[in-house]
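Trainee: Could we go through this structure together? I'd like to see how each label is justified.

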Amino acid sequence: MSPTAIGLLALAASLAAVVAPLVALWVRRHIAKLDRDAALLQAIDDRLPAEGDKDGGDLREESAMLRAILDLSEVTVGQVMTSRRDIVAVEADLPAARLVDEILSSPYTRIPLWRNSPDEIIGVLHAKALLRAVRAAGGMAAGLDIDRIAQRPWFVPETRTLADQLQAFRRRREHFALVVDEYGTLRGIVTLEDVLEEIVGDIVDEHDPIVFGLKRQQDGSVIVDGKLPVRDLNRTLGWNLPTDGWASIAGLVLHEARSLPEVGQAFAFFGYRFEVLKKQRQRIAELRVTPPAGESDAA
Ligand code: ATP
């Protein structure tokens, strides 16, 4: 064997000696975590009330929340974010007075600012910061330096788990992040509320834009809560969706798609288009439904 080969072998052997214990440590920790999770799941199940126990509702809800907390490391930011096309953002170079109007007419507290194209977010404007700046300028919006009032955007990867995102929100003491894919392309936004809803279910804000689970859009489509009964949709919007075999609109899509779709996936059934906007745990939380041309007037 040549001296070079012997040298390489010796190097490989010493590398293996260093790496092997690290791998063993990782495997041991991983197994310990799996054991801990299994023990926790068992403990959660043990406190479940007996089947049919009418007073066990609170306990069942608590158990679902505890399970959801354990699931935070299985669910990614991309699965719960508000998708790109539903972001309310404002062009940074609008005259300041127009910008104030736009922000006041939006239901949201934090508004991304874009320049050149809606995908190029250069800052995030907090409605309160804007108010303070207007007051400091003697009530005059004209002449405000919006770039200075806005916060720098915080970009996070869509593949990050909710457990990690929750830690990141706490570390940075922020509630709002812009979600990007591996190429840095804007995919959506995620807020602390999106993560907390994963644990506690829907939180309805006092200014929540979803009224009874239904938001009509200017283009004739409707954003609906997945739990909304198909019958209610048909009645309210004069639609004609079939109601046999499923109660909710999410149930209809699951039935027709024959699998749990991803956020962003779209389907056409019965002449309607269904796009998945949000998922929560293993359910479709929000959808955009576009009716056939003739029926969009009803919306
Ligand atoms: P706050 O409760 O602090 O006033 P908010 O009500 O404006 O804030 P959040 O409570 O953080 O917003 O989020 C509520 C929901 O609204 C979340 O699903 C989030 O993704 C969405 N959301 C927040 N800001 C925007 C925005 N600018 N455009 C579109 N959706 C947004």
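Trainee: What makes you trust the model, and what is its average pLDDT?

Mentor: This is a predicted model, and pLDDT is the predictor's own confidence, from 0 to 100. The protein averages 85, and 92% of the residues score at least 70. Among the elements, strand E5 (residues 155-157) has the highest mean, 98, while helix H2 (residues 57-71) has the lowest, 78.

Trainee: How many helices and strands does the protein have?

Mentor: There are 10 helices and 12 strands.

Trainee: How do you know what a compact globule of 299 residues would look like, and what does the protein have instead?

Mentor: The globule rule is 2.2 Å times the number of residues to the power 0.38. For 299 residues that gives a radius of gyration near 19 Å, but the protein has 25 Å. Along its principal axes, the C-alpha trace spans about 80 × 60 × 40 Å.

Trainee: What share of the residues count as buried?

Mentor: A residue is buried if 20 or more other C-beta atoms lie within 10 Å of its own. By that test, 22% of the 299 residues count as buried.

Trainee: Which residues come nearest to the ligand?

Mentor: Of the 14 residues around the ligand, those are Thr82, Tyr108, Thr109, Thr191 and Glu193. Strand E3 (110-115), strand E7 (186-191) and helix H8 (192-200) each give two or more residues to the shell.

Trainee: What is the chemical make-up of that shell around the ligand?

Mentor: The shell divides into 5 nonpolar, 4 polar and 5 charged residues.

Conventions
Residues are numbered from 1 along each chain as its sequence is written. This is a predicted model: local features need pLDDT of at least 70, side-chain atom pairs count only at pLDDT 80 or more; totals for chains, interfaces and linings use all residues. A residue is near a molecule or strand if its C-beta atom, placed from the backbone, lies within 6 Å of it. Helices (H or I, at least four residues) and strands (E, at least two) are DSSP runs, numbered from the N terminus. Ala, Val, Leu, Ile, Met, Phe, Trp, Tyr, Cys and Pro count as nonpolar, Asp, Glu, Lys and Arg as charged, and the others, Gly among them, as polar. A residue is buried if 20 or more other C-beta atoms lie within 10 Å of its own, exposed if 12 or fewer, and partly exposed in between; C-beta atoms are placed from the backbone.
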